[in-house]
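Here is a short tour for you to follow with the sequence and the model side by side. Please keep the viewer open as you read.

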Amino acid sequence: MKISNVNKTFGTKQVLFNVSLDFPAAQTTVIVGPSGSGKSTILRSLNLLEVPESGRYDFDDLHLDFAKKISNRQKLALRKKTGMVFQNYNLFPNKTVLGNLIEGPTQVLKQSRAAALKTANELLAKVGLAQYGGANPQELSGGQAQRVAIARALAMNPEYILLDEPTSALDPELELEVLKVLLQLAREKQSMVIVTHNMIFARRVADKIVFLENGHVLFDGAPQRFFAPNNPNERIRNFIASMTMENLN
Ligand code: ADP
Ligand code: MG
């Protein structure tokens, strides 16, 4: 999955400038950077929740030119390949946990209810929530709700899952239980793109780090190089120092 020379403007404000990024399959790409730098806009563009005004998007045999109209067929095909997980879970409030997990597979993928339930129960076990199939979303902690949202994304069997600050709304202990699930998925070579402010997690999980500022890609490479004390980019060194509070004394 890759985007090339992408530009995106909201009103008169350009928020992405000629962004070209490759998201290798079977790897975890982590996008970091200050608020407002364009991280969510990139993630949302990968799922076509936003459509940039120019640039290309290549994903397997799908080749989109953002300057041209994107057909519904292309949109659906791309959305099948990418599952989105949001900061605030966005679970269906009037469905049980299992109801949330089988909705897409039965309605969109036309799976039988029995097949969808079987997969759903396996995925709940995988995220540590085997006992929670009958629960309502309101009964869950934030960490549990986010793990259900991850299971729900996986239930659609997408090629990539896209996670936008998946733990930003969570207390630290609840954050940890979500990060463990994501780390496990990374070990299983699930293709992922994760936006996060958690630098400890980014360093652990990333095969590749992207640093954005003001809509420009300032770094695109290996986490070892990104986090190296001698990273030649002073802005990035300062960003890491402030995010890890290493100068708090
Ligand atoms: P990040 O996720 O890195 O915080 P975003 O991609 O959400 O950044 O936003 C990048 C810039 O685009 C910000 O200046 C934000 O205010 C602006 N922006 C994002 N979405 C919209 C929108 N729907 N309408 C207008 N401006 C937007
Ligand atoms: Mg954002």
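How much area do domain 1 and domain 2 bury between them, and what percentage of it is on carbon and sulfur atoms? The model you are looking at is predicted, and in it the two domains bury about 1100 Å² between them. Of that area, 72% is on carbon and sulfur atoms. As background, interface size is often expressed as the accessible area lost when the parts come together.

**The two domains**

To find these parts in the viewer, use the domain assignment of the protein chain: domain 1 covers 1–81 + 160–249, and domain 2 covers 91–158. Taken over C-alpha atoms, the centres of domain 1 and domain 2 are separated by 25 Å. The contact draws on 15 residues from domain 1 and 13 residues from domain 2.

**Around ligand 1**

Next, please turn to the ligand. Its surroundings are made up of Phe10, Lys13, Val15, Pro34, Ser35, Gly36, Ser37, Gly38, Lys39, Ser40 and Thr41. Sorted by class, this shell has three nonpolar, six polar and two charged residues. The table gives polar pairs that you can check by eye.

| Residue | Atom in the residue | Atom in the ligand | Distance |
|---|---|---|---|
| Lys13 | polar side-chain atom | oxygen atom of ligand 1 | 2.8 Å |
| Ser37 | backbone N or O atom | oxygen atom of ligand 1 | 3.2 Å |
| Gly38 | backbone N or O atom | oxygen atom of ligand 1 | 3.0 Å |

Taken alone, ligand 1 exposes 560 Å², and the protein buries 60% of that. Which elements give two or more residues to the shell around ligand 1? They are strand E2 (13–22) and helix H1 (39–46). Helix H1 supplies the largest share of the shell, with three residues.

**A look at Arg225**

One last stop is Arg225, which sits in helix H8 (residues 223–227). Which residues is Arg225 in contact with, leaving aside its neighbours within four places in sequence? Arg225 then touches Phe219, Asp220 and Asn231. For a further landmark, try Lys208, which is 17 residues from Arg225 along the chain. The C-alpha atoms of Arg225 and Lys208 are 9.9 Å apart.

Conventions: Residues numbered from 1 in each chain as written. Chains lettered and ligands numbered in written order. Predicted model: local features only at pLDDT ≥ 70, side-chain atom pairs only at ≥ 80, totals over all residues. Heavy atoms only, no water. Near = heavy atom within 4 Å. Polar contact = N/O pair within 3.5 Å; in protein donor to acceptor, adjacent residues only side chain to side chain. Areas by Shrake-Rupley, 256 points an atom, 1.4 Å probe, with all protein chains shown as cover. Helix = DSSP H or I, 4+ residues; strand = E, 2+ residues; numbered from the N terminus. Nonpolar A, V, L, I, M, F, W, Y, C, P; charged D, E, K, R; others polar. Contact = heavy atoms within 4.5 Å. Domains from an automatic or database assignment. Buried area = accessible area lost by both parts, 1.4 Å probe.
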